[in-house]
Structure formats: structure tokens, C-alpha cells
Amino acid sequence: MSFLEKRPRKWGDRRDGHWVKDAPGINVVMSCLYPKRTDSEVYLHLEVDITDLLRYIEEKNGPGAEYKTTLFHCIVAIVARAVNERPKLNRFVQGARTYERDEITISFVAKRRFTDHSEEALMVYKAKGSDTLADISRRIVGEVHEMREQKQAEGLDDILNKFGRLPRPLLMLIVRTVRWLDFWGKVPKVFTEGDPNYTTVLISNLGSIKCPAVYHHLNNYGTNSVLLTIGAMHKTPTVMPDGSVQVRDFVDIGATLDERIGDGFYFARSLKLIQYICAHPELLDRPLEEDSGYDYQ
């Protein structure tokens, strides 16, 4: 069965994922020893050569291009491909059990206006097996444009400010109730839909504001187990296989992952896959469900 296809729900499954009953014993025990996601964080750093990827983007944005393809669109497509090929990245631990999602969701934040005080809106990309980079770019461009054209609705800060004015005992009772529902996977869909805490990967594109990649903590609430920050592009002298030195374009990626869903070796190979796809950007023209052909040996 394709990873992007829905599996029939069985006893013990959640609405947002199926129970991985054959998870390694060490992961099951760690879920009990370290019940909080923030107690199980692994930090990885990756410097990615994007020189070939930038050339590929320049060709995509040639004369007659319907819309502008950006580096961020490519990163979303690359991450989606990596998760599809490395399914443990799409797992999460909640209620001392390991679950795996039936869909790949990638969330990011877009500003309504490029000003300090502009409201931010959350965007969530839901992957389809047939998606190519062109499909992903079209959807992101369209959704961001639609969001910026809409009248600004009541923001999250406004809602939180209302909750913040509640009496402390009542507020604590509401939060504990939501956390209890979260433990059992019973939080209403109206609250989880579009929440970055319930997506496969949360990406923070710090390069768009010329900042370096940082390590950001995960949250105990929700199911998000992978958080990536993308830093600003920079040039680095690089020794090539033939011994020559070239000045190449790079970006840094800071990755924070929940070690209860996989080991460091699995995570490191997953990041190597991201490097491989960046070096072979033509793979982005293929559907997500097609294997990249990367040799993990």
C-alpha cells in the first residue's frame, strides 16, 4: 500500500494516525520514561549545497513562467519527498504510544504584509502522491495570494488574549481538559485542523528575513515531531571532487526531532537524502510517490 494512501482504522488507532504496534521496544519504553516531547529532542545541523538547485529554479522562472518558483517551494517539495521515503519521520508519540500518520502535512507561516506589526497566517500543505514541484508551487502561491487578499479576521493573539483574561482556576481547568483530550487523541478536529502542532513538519523560513538557522524546541502539545529552520543563503569555497575550488551557494538547516520516533542514524540518513535531492533537482519534476533512487549504502 502506498504510504500516502489511507489505511483502514483499527482498534487503538487515532483519527490522525494508526498505532504502530511493532515499534521497537526501546522506543516504547522511552515513551514511558520520557513522556514529554521536549525531553526527547535531538538537534541536527545540515549545510546544503543549493548551487544546482538555484540553477534549476532560474530555468523554471524563465520567459513564459506562469508564476515564480522560489527556493522555499523547492524545500517544501524536498521535505515532502523525504518524508514519503522515510516514513518514520511521519510518526509521533502521544499517550505513551507511537503512531504514524496517513498523510503528509507541512506547515509554515506567511505574513499578510511585510511589516513588523503585520498579522501572520498559518499555511498547511497536504501532500498528494501525484504532486510535483509545479503543483506544490501553484498551490502555495495561490493560497498565499488568497490569504493576503482576504480581510484580516480575528487573529490567534486576539483569541488568546480573551482566554488570558479568564480567572486563573478556570483557565487552568480548560488547559488541563484540552491536554487530557490530547493524550487520548480526542481533541475536536475543529481545533487541530490547521494547527502546526498537528502537522508532520513545521518549517520556519528564517532566510526570508536574512537570519541564520536556529534550533527551535518542539511542543509537548499536539503531534508535531519534526521542526526545521532554514537559514539565509551564503557562499562558501568548496573543494570539488576533481580537486578544484569553487565558490558555491549553501543554506543551513537546523532540525529538531523527537528521538522516540527513530534513532540518530535514521535521522542523519534522512538529511542526507535531502542533500541528494538538492543536488539532483530534476527529481522535483517527478510525482512525490516515485522513489528518488538514492543509494543509502
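Which residues gather in a patch of positive charge on the surface? The tour reaches them after a brief overview.

**The whole chain**

The model on display is predicted. Begin with the entire protein in a cartoon view, where eight helices and ten strands may be traced. Of the 297 residues in the protein, buried residues make up 44%. If contacts between residues at least 6 apart in sequence are considered, 70% of them join residues at least 24 apart. Switching to a surface view shows the area that the protein exposes, about 16,500 Å². Carbon and sulfur atoms supply 56% of that area.

**The positive patch**

With the surface still displayed, select Lys6, Arg9, Arg15, Lys186 and Lys189, which together form the patch of positive charge named in the opening question. Centre the view on Lys186, in the loop that runs between helix 6 (168-183) and helix 7 (189-192). Lys186 is exposed, and its relative accessible area is 57%.

**The nonpolar patch**

Next, select Val29, Leu33 and Tyr34. These residues make a nonpolar surface patch of about 300 Å². Leu33 belongs to helix 1 (residues 25-33), and its relative accessibility of 58% places it among exposed residues.

**Ile50 and its surroundings**

Return to the cartoon and select Ile50, which is found in the loop between strand 2 (41-49) and helix 2 (51-60). Is Ile50 buried or exposed? Ile50 is buried, with a relative accessible area of 1%; the limit for a buried residue is under 20%. To see what surrounds Ile50, display the side chains of Leu71, Met233, Asp249, Phe250 and Val251. Ile50 is in contact with these residues, its neighbours within four places in sequence being left aside. Then draw a distance from the C-alpha atom of Ile50 to that of Arg248: the separation is 7.8 Å, although the two residues stand 198 residues apart along the chain.

**Salt bridges around Arg248 and Asp249**

The protein contains twelve salt bridges. For one of them, keep Arg248 selected and add Asp49. The closest N and O atoms of this salt bridge are 3.0 Å apart. The pair links distant parts of the chain, with Arg248 in strand 10 (residues 245-258) and Asp49 in strand 2, 199 residues apart. Arg248 is buried at a relative accessible area of 7%, whereas Asp49 is partly exposed at 23%.

Move one residue along the chain to Asp249, already displayed as a contact of Ile50, and add Lys235. Their salt bridge has its closest N and O atoms 2.8 Å apart. Lys235 lies in strand 9 (residues 234-239) and Asp249 in strand 10, so the pair ties together parts that are 14 residues apart in sequence. The two partners differ in accessibility: Lys235 counts as exposed at 57%, while Asp249 counts as buried at 15%.

To complete this region, select Asp49, Asp52, Arg55 and Arg248 together. Salt bridges that share partners join these four residues into one network.

**Arg91, Glu100 and the loop at Ala96**

Now move to Arg91 and Glu100. What is the distance between the closest N and O atoms in the salt bridge of Glu100 with Arg91? These atoms are 2.8 Å apart. Both residues are buried: Glu100 has a relative accessibility of 6%, and Arg91 has a relative accessible area of 14%.

Remain in this stretch of the chain and select Ala96, in the loop between strand 3 (91-94) and strand 4 (97-100). Ala96 is not a glycine, yet its phi is positive, at about 65°. For context, most residues other than glycine have a negative phi. With a relative accessible area of 35%, Ala96 is partly exposed.

**Lys210, the last stop**

Finally, select Lys210, which is located in the loop between strand 7 (201-205) and strand 8 (226-230). Lys210 likewise has a positive phi, of about 60°, without being a glycine. Lys210 is exposed, with a relative accessible area of 71%.

Definitions and conventions: Residues are numbered from 1 along each chain as its sequence is written. This is a predicted model: local features need pLDDT of at least 70, side-chain atom pairs count only at pLDDT 80 or more; totals for chains, interfaces and linings use all residues. Side-chain values use heavy atoms; hydrogens and water are left out. Patches are made of residues with over 30% relative accessible area and no salt bridge: like charges are joined within 9 Å, nonpolar side chains (Val, Leu, Ile, Met, Phe, Trp, Tyr) within 5 Å. Accessible areas come from the Shrake-Rupley method with a 1.4 Å probe; for residues, only the protein chains shown count as cover. A salt bridge is a side-chain nitrogen of Lys or Arg within 4 Å of a carboxyl oxygen of Asp or Glu. Lys and Arg count as positive and Asp and Glu as negative; His and the chain ends are not counted. The place of a charge is taken as NZ of Lys, CZ of Arg, CG of Asp or CD of Glu. Helices (H or I, at least four residues) and strands (E, at least two) are DSSP runs, numbered from the N terminus. Buried means under 20% relative accessible area, exposed over 50%, partly exposed in between (1.4 Å probe, protein chains only). Contact means heavy atoms within 4.5 Å.
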